[in-house]
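Please look over the sequence and the model below before reading on. The paragraphs that follow lead through one part after another.

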Amino acid sequence: MSKQTIATQFIIGATSVACSLLFAASASASALEQFKTFAAGTKSAKGEFVQRQVKKADAGGKAKVSTPASGTFEFARPGKFIWTYLKPYEQLLQADGEQLYIYDKDLSQVTVKKLGDALGSSPAAILFGSNDLEKNFTLAEAGTRDGLEWLKATPKAKDTTFDEINIGLRNGVPEAMELRDSFGQTSLLSFKNFQKNPSLAANHFKFVMPKGADVINN
């Protein structure tokens, strides 16, 4: 999985997002009820993630799975987050509510983008956006699979990178997220060690430009 693919998919067109572990509803509630409880009650969170990408099956019917990428995340709604890739290489995606910064440590390069409406219909909106998710997504129950209850979120906009986002929950806690794009690829995310509504300083998400880094403004 290339660095550009990871950064682009997670935030702008989408990845890395994955909000599974951040719900706090009862096990008896439906996936949709749990999701709404999460949206209403989770103002901030932190935890760890593992991300894989599954490419469309070839002529022989075999899908290709990328090397896992892993790291940590922190967020505060709306639009503030720190998404850090630690393996197989280091990369940082950080937003302060207005700007998105993508820092490639190996290249000593920072790409700066206006956050604007970029989160609108992307998977990142589920984690980092406002609570008004039904404005940008059609939400529906998606049955039971692999021991998880699934919720399907379909972007209402037609020009988004992802066609469908699925969130899997177990015992009231989301454990998985699938991001299916229009090219037949699926990004898989799983989470652990999350903390809901941790105490975060007001300036916690302020980006500090690394000394000597090249800056690219988009």
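Strand 3 and strand 4 form a hairpin, with three residues between the two strands. In the turn sits Gly 79, whose phi is positive, at about 75 degrees. The model is a predicted one, and the values given here are computed from it. Strand 3 covers residues 69–76 and strand 4 covers residues 80–87; the two run antiparallel and are joined by seven bridges. One pair can be picked out by name: Thr 72 has Thr 84, in strand 4, as its bridge partner.

Strand 4 also takes part in another hairpin, which links strand 4 to strand 5 through three residues. Strand 5 spans residues 91–96, runs antiparallel to strand 4 and is joined to strand 4 by six bridges. Here Tyr 85 stands opposite Gln 91, a residue of strand 5.

Next come the nonpolar cores. The largest of them has 28 residues. Trp 83, Met 177 and Phe 191 are the residues with the most contacts inside this core. Strand 10, residues 162–170, gives the most to this core, namely four residues. A second core, separate from the largest one, has ten residues, among them Ala 76, Ile 82, Leu 92 and Phe 205.

Which residues of helix 2 are buried? In this helix, residues 31–41, they are Ala 31, Gln 34, Phe 35, Phe 38 and Ala 39. These residues lie on the same side of helix 2, because they cover an arc of only 135 degrees around its axis. An α-helix has 3.6 residues a turn, so residues three or four places apart point the same way.

Two single residues remain. Val 110 lies in strand 7, residues 109–114. Is Val 110 buried or exposed? Val 110 counts as buried because its relative accessible area is 0%, and buried means under 20%. Leaving aside neighbours within four places in sequence, Val 110 is in contact with Tyr 101, Ile 102, Tyr 103, Phe 207, Met 209, Pro 210, Ala 213, Asp 214, Val 215 and Ile 216. For one of these, Ala 213, the distance to Val 110 is 6.5 Å between C-alpha atoms, although 103 residues separate the two along the chain.

Pro 155 belongs to strand 9, residues 148–155. Its relative accessibility is 8%, so Pro 155 is buried as well. Lys 135 is 20 residues away from Pro 155 in sequence, and their C-alpha atoms are 9.3 Å apart in space.

Definitions and conventions. Residues numbered from 1 in each chain as written. Predicted model: local features only at pLDDT ≥ 70, side-chain atom pairs only at ≥ 80, totals over all residues. Heavy atoms only, no water. Buried < 20%, exposed > 50% of the residue type's maximum accessible area, 1.4 Å probe, protein only. Arc of directions from axis to C-beta. Core = buried A, V, L, I, M, F, W, Y, C linked by side-chain atoms within 4.5 Å. Pairing = 2+ DSSP bridges. Contact = heavy atoms within 4.5 Å.
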